[in-house]
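Good morning, colleagues. Please turn to the sequence and the coordinates on the screen, and I shall take you through a few features of this chain.

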Amino acid sequence: MQPTTPLVLCVLLSQVLLITSAEDLDCTPGFQQKLFHINQPAEFIEDQAILNLTFSDCKGNDKLHYEVSSPYFKVNNDGSLVALRNITAVGKTLFVHAQTPHAEDMAELVIVGGKDIRGSLQDIFKFERTSPVPRQKRSIVVSPILIPENQRQPFPRDVGKVVDSDRPEGSKFRLTGKGVDQEPKGIFRINENTGSVSVTRNLDRETIATYQLLVETIDVNGRTLEGPVPLEVIVIDQNDNRPIFQEGPYIGHVMEGSPTGTTVMRMTAFDADDPATDNALLRYNIRQQTPDRPSPNMFYIDPEKGDIVTVVSPALLDRETLENPKYELIIEAQDMAGLDVGLTGTATATIMIDDKNDHSPKFTRKEFQATVEEGAVGVIVNLTVEDKDDPTTGAWRAAYTIINGNPGQSFEIHTNPQTNEGMLSVVKPLDYEISAFHTLLIKVENEDPLVPDVSYGPSSTATVHITVLDVNEGPVFHPDPMMVTKQEHISVGSVLLTANATDPDSLQHQTIRYSVYKDPAGWLNINPINGTVDTTAVLDRESPFVHNSVYTALFLAIDSGNPPATGTGTLLITLEDVNDNAPFIYPTVAEVCDDAKNLSVVILGASDKDLHPNTDPFKFEIHKPTVPDKVWKISKINNTHALVSLLQNLNKANYHLPIMVTDSGKPPMTNITDLRVQVCSCKNSKVDCNTAGAPHFSTTAVLLLSFFSLARL
């Protein structure tokens, strides 16, 4: 293949300098041609010249250095541009930067038919030029200025030059923009007479990558003559930033037995340098692995992506045989595509080998023995198992099941979370007389399912033999509670019922004796031999020991065992009501004014401790033999209340009115109660009862009251 012949299609106007006189400029520093168009070939061939560049600093080109924006090209000392290797895709634009101690300049190479790809110089230098040729003719000629960052002293130093071919005599150059008269101020300045642009200090591309300045010419009064014309300053990146891992801590997990090539995690670092250059092109590698067994190379990291993958066989990735299921890798990121001159940064990746359920739990013994007293509940035996899986996972935690021997659901089994043991418990008391032995079949499984190639075997089941110990159980009353209904006031010595208690220890021959345990009112007695219960006092439904007509007593049945056992039985006696309580009235005191217009005295109510039908309706009467006629009157209001009123005003005094009230029982009961009525003086809304005279009684009333009092005794 013949080398591509460069086609010069366009020349920047900035390079065609109009020399007005021999004194102006014999030599123009920089590239003699700054713009080239190259047809994209099928392939750029290594070391074949693509085109020749001509650069001159007008002082012999001492220490001339070329820099190409693409890492795939270089410029030889003679100015020939060649490819470093055979390549097919380059991009749309290349830039060549040339520099000597006396001058520097940049040439632009447009690849006709090239595609935008990463690494094109147009992206690297972060500026766009839609056309290298000015749209209109201008006398001010400027070219982009390229300045490497981090330059050392001395400063200021010249970095470029502006040329005005038609600048009037006495006019001056003026430079403005960010970095000149805008913050950060004073970085750049221009020689107002020569147009030489200089930088006053070193630059940092990571702070500001490009500066957009304006150049114009002005007259002596500061008026603009030409311009302003844009001047772009591009800061060329230097490799001054190390890769940094910013997202730690880095912790990855991989299941044991995973296939070779399983991705564990991704490690990515950040480099603050220009991402379009090799300064930020990172490569990754593993510097150290701890521990280094069973292989010093358990993992591999993709040098470009940073993906960490397993490289050992699944058999070596066995958590149960590893010295430590945790690996620590020192990961290094190096810029400059991993070349030795690149800067490095490191981070630690922690990789955990996660457990999978590849070991079934196994009982440590095939058979377990347990004993339990009849009637007792609680844990009777701990079943032990072994499991090689990770104790912190469901692959190790055991779940127990009783699969045979528990038809009555008398047993339950739970897992001890600390020891993984199966705690077998009795939850329903066992009866020695029914069965003295029990045999259970227990199965153990893991919370997590087993992997497909592992199954539960015979060692995952065990037999538990349980022996029930006979205990002297207390006698049991039948029924319990015992219930009987009797009328109150039955005669003393009446038989209520015969208690019946049996001994559950049917295999033993024991006798039973009875006794009273709790008899709050002291009304009962029980025959110690046959259990007959009779009364020792009158049963009273209205007693404070009776609640809702029911009296409760407790009895004991004691067997002849050694030691003896006791059972408790409850007797509930429902007492039927008898009319044995006379009604009583309330209130028993009333007041009335001596000049009252309303002669109503008081509303009386009546109550009875008995139950219906031995209570209301009540009959209210004035015991007339002891009371003068045509003075008092009593009127029924309802079944339980009556109104007492006067038929005439009385003098101020205390009066005792005997009220007779009768209930509805059969036979009925009657009670006579004195109602004390105070007739008071009522003046100016003040009631005065203190001057009431002595009570008024008739002789007949006194005799009758005495008679009734004696009768009630």
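I shall speak about one sheet and then about aromatic contacts. Please keep in mind throughout that this is a predicted model.

Let me begin with the sheet. Four strands make up an open sheet, and their order across it is 19-25-24-21. The pairing within this sheet is mixed. At its edges lie strand 19, covering 250-255, and strand 21, covering 283-290; each of these pairs on one side only. From one strand to the next, the twist averages 30 degrees.

Strand 19 deserves a closer look. Its partner is strand 25, residues 344-354, and the two run in the parallel sense over six bridges. For orientation on the screen, find Ile-251, which stands opposite Thr-350 in strand 25. As a general reminder, the strands of a sheet pair through backbone hydrogen bonds, in either a parallel or an antiparallel manner.

I turn now to the aromatic residues. How many aromatic pairs does the structure hold? The count is 11. I have selected two of them.

One is formed by Phe-188 and Tyr-211, an edge-to-face pair with 5.0 Å from centre to centre and 75 degrees between the planes. This pair links distant parts of the chain, since Phe-188 belongs to strand 15 (residues 188-190) and Tyr-211 to strand 17 (residues 210-218), 23 residues apart. Are these two rings' residues buried or exposed? Phe-188 has a relative accessible area of 2%, under the 20% limit, and is therefore buried. Tyr-211, with 4%, is likewise buried.

The other pair is Trp-632 with Tyr-655. Why is this pair classed as edge-to-face? The ring centres are 6.2 Å apart and the planes stand at 65 degrees, which is over the 60 degrees required, so the pair is edge-to-face. Trp-632 lies in strand 48 (residues 632-636) and Tyr-655 in strand 50 (residues 653-662), so the contact ties together parts that are 23 residues apart in sequence. Trp-632 counts as buried at 12% relative accessibility, and Tyr-655 is buried at 11%.

Two further items complete the survey. Phe-245, Tyr-250 and Tyr-284 form one aromatic cluster. Tyr-250 falls within the range of strand 19, and Tyr-284 within that of strand 21, the two edge strands of the sheet I described. Finally, the charged end of Arg-157 sits over the ring of Phe-155, at 5.5 Å from the ring centre.

Thank you for your attention.

Methods:
Residues are numbered from 1 along each chain as its sequence is written. This is a predicted model: local features need pLDDT of at least 70, side-chain atom pairs count only at pLDDT 80 or more; totals for chains, interfaces and linings use all residues. Side-chain values use heavy atoms; hydrogens and water are left out. Two strands pair if DSSP finds at least two bridges between them. Axes are lines fitted to C-alpha atoms, for helices over the stretch in contact, and angles run from 0 to 180 degrees between N-to-C directions. Rings of Phe, Tyr and Trp (its six-membered ring) pair if their centres lie within 6.5 Å; planes under 30 degrees apart count as stacked, over 60 as edge-to-face and the rest as tilted. Buried means under 20% relative accessible area, exposed over 50%, partly exposed in between (1.4 Å probe, protein chains only). A charge sits over a ring if NZ of Lys or CZ of Arg is within 6 Å of the ring centre and within 35 degrees of the ring normal.
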